[in-house]
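Visitor: I have a chain to look at and some questions to ask. Please show it to me before we start.

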Amino acid sequence: MLWLAMLHGANGLRTVINDYAQRDNTRFWLKMLLYTATVFTVLLGTLVIFTFDPNIR
């Protein structure tokens with residue numbers, strides 16, 4: 001569910017970037033920032049899900 005929600009949001013934001021960023025260089029860097037943030041969030045979220053221990057006090 002985390003992966004699907006994050007990829008759905010990133011795809012929507014990619015569409016917004018394509019629609020509103022006028023210069024190619026700006027569009028490229030915004031997309032690279034988006035992809036980096038998406039990968040980081042998915043990896044960190046996956047790590048938390050697989051290493052979560054509800055018995056920690």
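Visitor: Is Trp29 buried or exposed?
Guide: This is a predicted model, where local features need pLDDT of at least 70, side-chain atom pairs count only at pLDDT 80 or more, and totals for chains, interfaces and linings use all residues. Residues are numbered from 1 along each chain as its sequence is written, and side-chain values use heavy atoms, with hydrogens and water left out. Buried means under 20% relative accessible area, exposed over 50%, partly exposed in between (1.4 Å probe, protein chains only). Trp29 has a relative accessible area of 53%, so Trp29 is exposed.

Visitor: Which residue forms an aromatic pair with Trp29, and how are the planes set?
Guide: Rings of Phe, Tyr and Trp (its six-membered ring) pair if their centres lie within 6.5 Å; planes under 30 degrees apart count as stacked, over 60 as edge-to-face and the rest as tilted. The structure holds one aromatic pair. Its centres are 5.0 Å apart, with 75° between the planes. The partner is Phe28, and the geometry is edge-to-face.

Visitor: Where is Phe28 placed, and what is its relative accessibility?
Guide: Helices (H or I, at least four residues) and strands (E, at least two) are DSSP runs, numbered from the N terminus. Phe28 sits in helix 2, residues 24-51. Phe28 counts as partly exposed because its relative accessibility is 39%.

Visitor: What accessible area does the nonpolar patch with Phe28 and Trp29 have?
Guide: Patches are made of residues with over 30% relative accessible area and no salt bridge; like charges are joined within 9 Å, nonpolar side chains (Val, Leu, Ile, Met, Phe, Trp, Tyr) within 5 Å. Areas come from the Shrake-Rupley method with a 1.4 Å probe; for residues, only the protein chains shown count as cover. Met32 and Tyr35 join Phe28 and Trp29 in this surface patch. Together the four have about 410 Å².

Visitor: Which residue forms a salt bridge with Arg27?
Guide: Side chains of opposite charge can pair when their charged atoms come close. A salt bridge is a side-chain nitrogen of Lys or Arg within 4 Å of a carboxyl oxygen of Asp or Glu. The structure holds one. Its closest N and O atoms are 2.7 Å apart, and the partner of Arg27 is Asp24.

Visitor: How many residues apart are Arg27 and Asp24, and is each buried or exposed?
Guide: Both lie in helix 2, three residues apart, about one turn of the helix. Arg27 has 19% relative accessibility, so Arg27 counts as buried. Asp24 has 60%, so Asp24 counts as exposed.

Visitor: What does the UniProt record annotate at residues 28-52, and what is the helix share there?
Guide: The unreviewed UniProt entry annotates a "transmembrane region" over residues 28-52. UniProt positions are given in the numbering used here, feature names are shortened, and annotations may be inferred rather than shown by experiment. In the model, the end C-alpha atoms of this span lie 36 Å apart. The span is 0% strand and 96% helix.

Visitor: What is the radius of gyration of the protein chain?
Guide: The chain has two helices and zero strands. Its C-alpha atoms fill a box of roughly 50 × 15 × 15 Å along the principal axes. The radius of gyration is taken over C-alpha atoms, and the globule rule is 2.2 Å times the number of residues to the power 0.38. A compact globule of 57 residues would come near 10 Å, but this chain has 15 Å.

Visitor: What share of the residues is buried, and what area does the chain expose?
Guide: Buried residues make up 18% of the 57. Carbon and sulfur atoms supply 69% of the exposed area, which comes to about 5000 Å².
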